[in-house]
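Here is a short tour of one protein model. Look at the sequence and the fold first, then read on.

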Amino acid sequence: MGGMKVLIAGPYNSGGTRLLQCIRMVCKICNIPVTHGSYVTFNSKKANEFEGVYIIKCNELHEMYFNVSLFDYVFVSVRDVRYFCNTDIEAIQNIALFRCWKTQATKLVRYEQFNIDQLIAIFIVMNVRLEKEVVEYMDNFIQSRYTNKNTTKLLDYKIIQKNETIRSFLIENGYE
């Protein structure tokens, strides 16, 4: 296997960190060299020379958006903004970030449906076949560690109804 450059992008609190942790864990279990960092630590020369999976995780557009072509795979996380944004402005900012990253995505990863099937699909995209034992281990890991924390809606229904950006995001992404 040659080197792979992976960018995990998306708004804050949308599931990018759990995806990063799971990809790193699978690589370590499968003895695939892996390193990760942020836009601050990104070095295209090192990334191109690394014989393994080189992962950068970022949230803001200015961090890596214009360097997205340097990556082999871009995984973008998405989450229902009603559960992690407290204000309409915060929701709109997160929606704007998501929509920009979505245009560059190799694959979207849904926070609410994060499970072994999504992880397997990511590795299929990366042309890495996971052995049954790895799948079982990661399934148990995901089930024990990651729960859907969408339990309390923070955004008021009236705010959502007044805001076309929020409403359209919810519809576009199957949340309404």
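The report below goes from the sheet to the helices on it and then to the nonpolar cores.

This is a predicted model. Its 5 strands form an open sheet. The order is 2-3-1-4-5, and the pairing is parallel. Strand 2 (34-37) and strand 5 (107-110) are the edge strands. Each of them pairs on one side only. On average, neighbouring strands are turned by 20° against each other, direction ignored.

Take one pair in detail. Strand 4 (residues 73-78) and strand 5 run parallel and are joined by 4 bridges. Here F75 stands opposite K107 in strand 5.

Two helices meet this sheet, as the table shows.

| Helix | Strands touched | Angle |
|---|---|---|
| Helix 1 (residues 16-29) | strands 1, 2, 3, 4 and 5 | about 170° to strand 3 |
| Helix 4 (residues 88-102) | strands 1, 3, 4 and 5 | about 150° to strand 4 |

Next come the cores. The largest nonpolar core has 28 residues. Within this core, L19, I23, F75, L119 and M126 touch the most other members. Strand 1, helix 1, strand 3, strand 4, helix 5 (116-125) and helix 6 (132-145) each give two or more residues to it. Helix 1 gives the most, with 6 residues.

Which residues does M126 contact, leaving aside its neighbours within four places in sequence? They are M4, V6, V53, Y73 and F75.

Another core lies apart from the largest one. This other core has 27 residues, among them Y54, V74, I160 and Y175.

Key. Residues numbered from 1 in each chain as written. Predicted model: local features only at pLDDT ≥ 70, side-chain atom pairs only at ≥ 80, totals over all residues. Heavy atoms only, no water. Pairing = 2+ DSSP bridges. Axes fitted to C-alpha atoms, helices over the stretch in contact; angles between N-to-C directions. Contact = heavy atoms within 4.5 Å. Core = buried A, V, L, I, M, F, W, Y, C linked by side-chain atoms within 4.5 Å. Buried < 20%, exposed > 50% of the residue type's maximum accessible area, 1.4 Å probe, protein only.
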